[in-house]
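Let's take a walk through this model, one piece at a time. Keep the 3D view open and follow along.

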Amino acid sequence: MFAVALGACLPLAAPAYADEGPMPHRVTYTVTAEQSTTVGIYYRDVDPPTWADYSHNPYEFSPKDDLTLEPGTPWVRETTLTDPMKWAMVAVSTGGLAPQSPRTLSCELAIDGVVVDRAAGAKGALCSLRNW
C-alpha cells in the first residue's frame with residue numbers, strides 16, 4: 001500500500017527509450033549570384049548510413065541542380081539531417097559548364113535557423129562545417 005501512495009506523489013515523466021536516436025535538425029542551404037550565372041549546385045539532403053556508404057557513391061546522397069542563378073533570386077533548399085555537423089554541405093560551381101566571365105557566387109548554410117557557414121568565390125563556393 002505504501003508503494004501505491006508513494007507512486008501517487010511522484011510526478012509523471014515520459015519514458016525514455018534507447019532507440020529514439022538523435023533529434024533531426026532543419027538545414028537550410030542558400031546560394032546567390034551577383035550576375036546571371038549558369039551553375040551546378042550539389043547539396044546533401046540525407047544522412048548517409050555510414051562513411052563507407054557515402055564514399056562508395058557520394059552522388060547517391062548529394063543531388064545536383066543545374067540552373068541559371070539570377071541576382072536577387074536565391075536558390076534555397078531545406079532538408080532535415082540528423083548529423084548536420086558531419087553531413088550538411090552545399091557547393092556551387094561554374095566548373096564544367098560553358099566558359100563565363102568571373103562572377104561572385106555565394107553560399108550560406110544554416111542549422112535550425114542559425115547561420116553556421118558562409119563562403120564566396122568567383123567560380124564557386126563551398127559551405128560546410130566539415131573539411132571535404
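First, a bit of vocabulary: helices and strands here are DSSP runs, with at least two E residues for a strand, and the numbering starts from the N terminus. Also keep in mind that you're looking at a predicted model.

With that settled, go to the loop between β6 (105-111) and β7 (114-121), where you'll find D112. Check its backbone: phi of D112 is near 50°, a positive value in a residue other than glycine. Is D112 buried or exposed? Neither, really: its relative accessibility is 38%, so D112 counts as partly exposed, given that buried means under 20% and exposed means over 50%.

Now for a residue on the other side of that lower cut-off. T30 belongs to strand β1, which covers residues 25-33. Its relative accessibility comes to 18%, so T30 counts as buried. And what does T30 touch? Leaving aside residues up to four places away in sequence, T30 has P74, W75, V76, S106, C107 and E108 as contacts.

Next up, a sheet. Strands of a sheet pair through backbone hydrogen bonds, either parallel or antiparallel. The one to look at here is an open sheet of four strands, running β3-β2-β5-β8 with antiparallel pairing. Its edges are β3 (64-69) and β8 (124-128), because each of them pairs on one side only. From one strand to the next, the twist averages 15°.

Zoom in on β2 (residues 37-43) and β5 (residues 89-93): these two pair in the antiparallel sense over four bridges. Pick out G40 there, and you'll see that its bridge partner in β5 is S93.

Technical notes
Residues are numbered from 1 along each chain as its sequence is written. This is a predicted model: local features need pLDDT of at least 70, side-chain atom pairs count only at pLDDT 80 or more; totals for chains, interfaces and linings use all residues. Side-chain values use heavy atoms; hydrogens and water are left out. Buried means under 20% relative accessible area, exposed over 50%, partly exposed in between (1.4 Å probe, protein chains only). Contact means heavy atoms within 4.5 Å. Axes are lines fitted to C-alpha atoms, for helices over the stretch in contact, and angles run from 0 to 180 degrees between N-to-C directions.
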